[in-house]
Amino acid sequence: MSYKKVTLKEVAKEAGVSLITASNVMGGKNLNHASKETREKVRAAAGKLGYRPNLAARQLASQKNNVIGMLIDSGAPAFYRDVMKELEQLANDKNWRLQVGIVHENMNSIKQYVDDFLGSRIDHIICATHNYPEFGSKVPALFESFSNVVFLEEPFVETKFPVIASDHYSNYFNAVSGLIKRGRKRIVCCARRNAYQDPSYFKARDGVIDAYKSNNISFEESFWLPFESSFTESFPEILAVKPDALIVSKDADMFRALRLLKKASLKVPQDIALFSANLSEYAELADPAFSGFSYNAKELAKHIIEHIWKKIEIDQGRNADWVKYVKANLIWSESTM
């Protein structure tokens, strides 16, 4: 069975617009003279007729393409993947695509993806894989050949490119303050592995300490208890602090905590409140339902893509000092009542 290739001229005729307007809309160009209704008509006509643009020809003609490269770690926090999902939709709305490179603690893999992006003439990059203890400080330099790069979370070293980061200081400050208001004064934070002492690690710790200060309660060093081994192996050390609340790294550790606390004849939230530093969409299904951070993935993605578009449309250049912090939403539920 053969298929007839639909031309751009047919799309223009179906939409009732000029060939130039149809070409510009399908090419993702910013049209001041074309209304939103016109752009929607062209895209609807393309969808109806089954039009598929020749991306290879477009790249050869313009030396550019409508692709944003993104690097992400396969073990990244869940909210990174939520941000990626939102970015894909936002890019698609403008007839752009994401080309994703997935790595895991491998500098050579990152270099290979950077070479792939350069070879494919991709100049718009989102980096969400750079805070590795062994070589993270070397990653930002790999992107010097690109003009349009945004980092998700602050890297170990200063970068010439913008950074979109969750406001870890405010997130932890507000979480600890909220727990204190709920009568919890011995809050143990075991939310990050000790090896990953990146900027967000120290901002979170400062937020915890300042929350205690602002509430006129003494902060003990044992309240900040990141662990290198598994949560289960570290649990006796955690209980030795005699906490009345725990902030754990993710929902998986919340479930582990529920099981381990039950074995220790401790109840949630009566004896110990539980708060997740990386709340998943299934948190409300737990018993008791989990409290925690919802990292506002839509807001993070919006700021990232807005900067990408500004650089594409305005060519505003690099801004070495530009950092945007986005606060997480705090979800208070049964595990902290």
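The dialogue below explains how to read helix packing, salt bridges, burial and backbone geometry in a predicted model.

User: On what basis are the values computed?

Analyst: The model is predicted, and local features need pLDDT of at least 70, side-chain atom pairs count only at pLDDT 80 or more, while totals for chains, interfaces and linings use all residues. Residues are numbered from 1 along each chain as its sequence is written, and side-chain values use heavy atoms, with hydrogens and water left out.

User: How are helices and strands assigned, and at what angle do H7 and H8 pack?

Analyst: Helices (H or I, at least four residues) and strands (E, at least two) are DSSP runs, numbered from the N terminus. Axes are lines fitted to C-alpha atoms, for helices over the stretch in contact, and angles run from 0 to 180 degrees between N-to-C directions. Here H7 (residues 168-181) and H8 (residues 199-214) pack at about 35 degrees, with axes 7 Å apart.

User: What is the handedness of the crossing of H7 and H8?

Analyst: A crossing is left-handed if the near helix is turned anticlockwise from the far one by less than a right angle, and right-handed if clockwise. The crossing of H7 and H8 is right-handed.

User: Which residues of H7 and H8 meet?

Analyst: Contact means heavy atoms within 4.5 Å. Among the residues that meet are Tyr169, Tyr172, Phe173 and Val176 in H7, and Lys203, Ala204, Val208 and Ala211 in H8. The residues of this contact divide into nine nonpolar, five polar and three charged. For these classes, Ala, Val, Leu, Ile, Met, Phe, Trp, Tyr, Cys and Pro count as nonpolar, Asp, Glu, Lys and Arg as charged, and the others, Gly among them, as polar.

User: How are H1 and H2 oriented to each other?

Analyst: Angles under 35 degrees count as roughly parallel, over 145 as roughly antiparallel, 65 to 115 as roughly perpendicular and the rest as oblique. H1 (residues 8-15) and H2 (residues 19-26) pack at about 105 degrees, with axes 9 Å apart; they are therefore roughly perpendicular. Leu8, Lys9 and Ala12 in H1 meet Leu19, Ala22, Ser23 and Met26 in H2. This contact has five nonpolar, one polar and one charged residues.

User: At what angle do H2 and H3 cross?

Analyst: The axes of H2 and H3 (residues 36-49) come within 10 Å and cross at roughly 85 degrees, so this pair too is roughly perpendicular. From H2 the contact includes Val25 and Met26, and from H3 it includes Val42 and Ala46.

User: How many salt bridges are there?

Analyst: A salt bridge is a side-chain nitrogen of Lys or Arg within 4 Å of a carboxyl oxygen of Asp or Glu. By this rule the count comes to seven. One of them joins glutamate 154 and lysine 203 (3.8 Å, N to O). Glutamate 154 lies in the loop between S4 (148-152) and S5 (163-166) and lysine 203 in H8, so that the pair links distant parts of the chain, 49 residues apart.

User: Is glutamate 154 buried or exposed?

Analyst: Buried means under 20% relative accessible area, exposed over 50%, and partly exposed in between (1.4 Å probe, protein chains only). Glutamate 154 is buried at 19%, whereas lysine 203 is partly exposed at 27%.

User: Where do arginine 256 and aspartate 253 lie?

Analyst: Both lie in H10 (residues 251-263), three residues apart, about one turn of the helix. Their side chains meet in a salt bridge (2.7 Å, N to O). Aspartate 253 is buried at 4%, and arginine 256 is partly exposed at 32%.

User: Which peptide bond is cis at proline 269, and which residue has a positive phi in the loop between S2 and H6?

Analyst: Most residues other than glycine have a negative phi, and most peptide bonds are trans. A cis peptide bond joins valine 268 and proline 269, with omega about 5 degrees; proline 269 is in the loop between H10 and S8. Another cis bond joins aspartate 287 and proline 288, also with omega about 5 degrees. Glutamate 105 has a positive phi near 50 degrees and lies in the loop between S2 (97-103) and H6 (107-119).
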